[in-house]
Amino acid sequence: MNNQNLLDIAEEFGSPVYVYDSEKIISQYRRLTNAFQNVQQLRINYAVKALSNISVLKLFRTLGAGLDTVSIQEVKLGLAAGVEPSKIIYTPNGVSLEEIEEVSTLGVQINIDNLSILEQFGSRHPKVPVCIRINPHVMAGGNTNISVGHIDSKFGISIHQIPHLLRIVENTGMNINGIHMHTGSDILDIEVFLYASEILFETAKNFKDLEFIDFGSGFKVPYKEGDIETNIEELGEKLSARFNEFCRNYGRDLTLAFEPGKFLVSEAGKFLVKVNVIKQTTSTVFAGVDSGFNHLIRPMLYGSRHEIHNISNPEGKERFYSVVGYICETDTFANNRRIAEIKEGDILAFDNAGAYCFSMASNYNSRFRPPEVLWHNGEAHLIRKRENFEDLTRGQVPFNFEETGL
Ligand SMILES: *Cc1c(COP(=O)(O)O)cnc(C)c1O
């Protein structure tokens, strides 16, 4: 997918537009499965919340992946994409017992992350196998908003509550078939990951009928040239050896599971916008584009950095720009960034736009959400239309003041 391909896509489908390169998704998936080839049974469950377009889910199904879901709606999207229920794991946080029960009737693997629901679910459905989400209290991850394994985190059952957990399991007679952790995003330090894994192994010894151990995700991807990323190959080598050793002691081969979102789709995505206006002020040059944090909220929400390229003038002399959106409050994509000289009408491409970009988009300022295009085998395919005015008004029930009076 080169610059010309992207310019053609912006021309054909208009701007702004999201583009996903299937080749990159496939190569990331294979990179992960290769890194863990020494494990007898490996399962990669793609985290749907990163990018939930059904065509993307179908791509993962075709690759043999399962899905990691956090809501009943994500479960239903996965089923709509043809993924077998047995290959879907549901890891909600703070949802109602009713929703968990409903998902359970769909044949999906349930993962429970608190003792209250565990006890209620176990009492009512002792025969349904359940995975438990453990909080190993390991501080990992680059940003407190996406770091979920630390002591104050609302996620998972604390390792300090294992005695209580075991009592609930015994009292209800429920079947625990999996142990899970997910310590957060942007984990760089493999040693921290391995340390958390040891806690998981230690916990796993308490359960006799395990089928899998799920190590969650949190792999860091590069955002710019020279960025460090999680060393998947080294992690694969070390964790596989340790996992196989655990299985020998446990007496049975278990499945090693991961559930990455960002690692699989982040780099595959580009977000294309058009520059509406160049505005010189006393302190900077703004490039105002035809989008905003309604379409890509990560820089404003997490301070995350997306590289921005002027694909209309890639060889142009670099200058400093603040790239801003059209939302009527602070809406900054990039501050004081070196970008090849920008003219009004140029197309800018944002990198790392596959994960948590479209899936977090909204209609704020009553703008339409952009279309999504899949680049597959050298061709562009529309996989979601741009919204239109009917989409904005759908579901609204206009109140009739003429009839009721004021
Ligand atoms: C969000 C999430 C993931 C995916 O995290 P990434 O950083 O995108 O890889 C995996 N598991 C659970 C339970 C999650 O909530």
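Domain bounds here come from an automatic or database domain assignment. The model is predicted.

**Exercise 1.** Determine how the chain is divided and how far apart the C-alpha centres of domain 1 and domain 2 lie.

*Solution.*
- Start with the bounds: domain 1 covers 22-264 and domain 2 covers 269-386.
- Next, take the C-alpha centres of the two domains; they lie 32 Å apart.
- Then count the contact: 15 residues come from domain 1 and 16 residues from domain 2.
- Finally, sort the side of domain 1 that touches domain 2: five residues are nonpolar, seven polar and three charged.

**Exercise 2.** Find the strands that pair with strand 2, and give the handedness of the unit it makes with helix 3 and strand 3.

*Solution.*
- Locate strand 2 at residues 41-47; four bridges link it in the parallel sense to strand 10, residues 255-258.
- Check one partner: Arg-43 bridges to Ala-257 in strand 10.
- Turn to strand 3, residues 66-69, which runs parallel to strand 2 and is joined to it by three bridges.
- Here Tyr-46 has Leu-67 of strand 3 as its bridge partner.
- Now add helix 3, residues 54-63: strand 2, helix 3 and strand 3 form a right-handed β-α-β unit.

**Exercise 3.** Classify the packing of helix 2 against helix 9.

*Solution.*
- Read the geometry: helix 2 (residues 22-35) and helix 9 (residues 232-250) pack at about 30°, with axes 8 Å apart.
- Apply the cut-off: angles under 35 degrees count as roughly parallel. Helix 2 is therefore roughly parallel to helix 9.
- List the contact: helix 2 supplies Arg-31, Leu-32 and Ala-35, while helix 9 supplies Ile-232, Glu-233, Leu-235 and Gly-236.
- Sort by class: four residues are nonpolar, one is polar and two are charged.

Key
Residues are numbered from 1 along each chain as its sequence is written. This is a predicted model: local features need pLDDT of at least 70, side-chain atom pairs count only at pLDDT 80 or more; totals for chains, interfaces and linings use all residues. Two strands pair if DSSP finds at least two bridges between them. Helices (H or I, at least four residues) and strands (E, at least two) are DSSP runs, numbered from the N terminus. A crossover is right-handed if, with the strands pointing away from the viewer, the path from the first strand over the helix to the second runs clockwise. Axes are lines fitted to C-alpha atoms, for helices over the stretch in contact, and angles run from 0 to 180 degrees between N-to-C directions. Angles under 35 degrees count as roughly parallel, over 145 as roughly antiparallel, 65 to 115 as roughly perpendicular and the rest as oblique. Two residues are in contact if their C-beta atoms, placed from the backbone, lie within 7 Å. Ala, Val, Leu, Ile, Met, Phe, Trp, Tyr, Cys and Pro count as nonpolar, Asp, Glu, Lys and Arg as charged, and the others, Gly among them, as polar.
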